[in-house]
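Here is a short tour of the aromatic side chains in this protein, with an eye on who sits beside whom. Have the structure open and follow along.

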Amino acid sequence: MSPGGGSGAVREPSLHQLRLFLVLAQELHFGRAAARVYVTQPAFSQQIRSLEQRLGVVLVERGGRDVRLTAVGQALAEEARAVVDAMARLREAADRHASAARGLLRIGSLGAEAAMPYAQAILAHLRSRHPDLEIEVRNLTFVDMFSTLLSRAVDAAFLRGPLPGGIQSLRLASETRVVCLSPDDPLADRDVLTLDHLADRLVVDMPPEVPRSWWNHLTVNPRPDGTRVRFGPVVRDTEAMVLAVTQGRAITFLPSAARRLYPRPGITYVDCPELGLSTAELAWLPDKRDEPAVSALREAARRTV
């Protein structure tokens with residue numbers, strides 16, 4: 001007769017008992033199994049007997065402290081492992097949902113930064129892990145890219161370095177930069193340009209609200225020989241910048257991704273290694289880093305980039 005004495009006596013086993021049974025199935029010795037889970041051997045044995053009674057089957061053949069699984073015990077060990085693993089996954093999912101960020105997360109994006117592959121991967125990961133979090137992406141211009149973040153109008157932003165003081169960031173990617181020229185420019189048919197080639201060209205300029213150090217860095221002003229860049233028309237966003245180039249009013253410099261993001265009949269992109277790299281940054285204010293939504297965004301960035 002089975003230990004349960006009939007189907008009416010069968011009760012659901014506890015998860016704790018299933019875990020003990022799996023330890024016993026590995027050790028095949030009551031003493032070692034009990035020591036692994038820090039309980040006494042009699043208490044361990046009692047739990048296994050209770051499990052058998054609840055299931056209504058004999059799981060082990062006893063011969064002192066050494067044991068051998070019965071055929072039923074071998075079959076149920078696999079099922080017990082599946083139950084324990086499923087419960088672990090359930091707990092993990094519950095923990096994720098318990099800690100999921102909610103509410104509204106406002107993310108700024110300088111131009112097309114939010115369309116870049118790394119930004120798309122971050123946002124996709126964030127949405128999958130935090131389905132109750134509403135994500136709003138706001139387009140930023142050169143004029144308001146830093147002030148919007150510093151004024152807390154957005155919680156975080158996809159920007160291009162170098163960033164001013166008081167802002168924390170995670171570097172997402174680095175890429176080479178290119179010269180943007182009108183196709184009518186005599187330099188447009190070259191494969192590679194140097195800064196010397198560009199010495200007499202006007203470069204688009206930024207409004208006074210844009211930190212001068214940021215634009216000087218990106219335009220390499222002054223040049224390595226000490227000469228100053230000649231600035232031309234003032235632009236407030238990337239579209240206006242590209243338009244100034246297509247009209248032949250000035251040249252500018254952009255990350256190499258501009259070839260894909262801003263294809264225009266009236267613009268040519270030429271490599272210029274001396275311009276150095278452009279860095280994409282996910283930026284936030286120090287006192288916002290541990291807010292649930294910003295923390296979730298930072299974690300998504302760390303996991304995907």
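The notes below go through ring pairs first and then charges over rings.

Please keep in mind that this is a predicted model. A search of the whole structure finds 4 aromatic pairs, and two of them are described here.

**The F30–F44 pair**
- F30 and F44 meet edge-to-face, with 6.1 Å centre to centre and 80° between the planes.
- This pair links distant parts of the chain: F30 belongs to helix α2 (residues 30-36) and F44 to helix α3 (residues 41-55), 14 residues apart.
- F30 is buried, because its relative accessible area of 2% falls under the 20% cut-off.
- F44 is buried as well, at a relative accessible area of 0%.

**The F142–W214 pair and its cluster**
- F142 and W214 form a tilted pair, with 6.1 Å centre to centre and 45° between the planes.
- F142 lies in the loop between β4 (133-140) and α6 (147-150), while W214 is in helix α7 (residues 212-219), so their contact ties together parts 72 residues apart in sequence.
- F142 counts as buried at 5% relative accessibility, and W214 is buried with a relative accessible area of 3%.
- What else joins F142 and W214 in one aromatic cluster? The other members are F146 and W215.

**Arginines over rings**
- R212 lies over the face of F231, 4.7 Å from the ring centre.
- R298 lies over the face of W284, at 5.3 Å from the ring centre.

Technical notes: Residues are numbered from 1 along each chain as its sequence is written. This is a predicted model: local features need pLDDT of at least 70, side-chain atom pairs count only at pLDDT 80 or more; totals for chains, interfaces and linings use all residues. Side-chain values use heavy atoms; hydrogens and water are left out. Rings of Phe, Tyr and Trp (its six-membered ring) pair if their centres lie within 6.5 Å; planes under 30 degrees apart count as stacked, over 60 as edge-to-face and the rest as tilted. Helices (H or I, at least four residues) and strands (E, at least two) are DSSP runs, numbered from the N terminus. Buried means under 20% relative accessible area, exposed over 50%, partly exposed in between (1.4 Å probe, protein chains only). A charge sits over a ring if NZ of Lys or CZ of Arg is within 6 Å of the ring centre and within 35 degrees of the ring normal.
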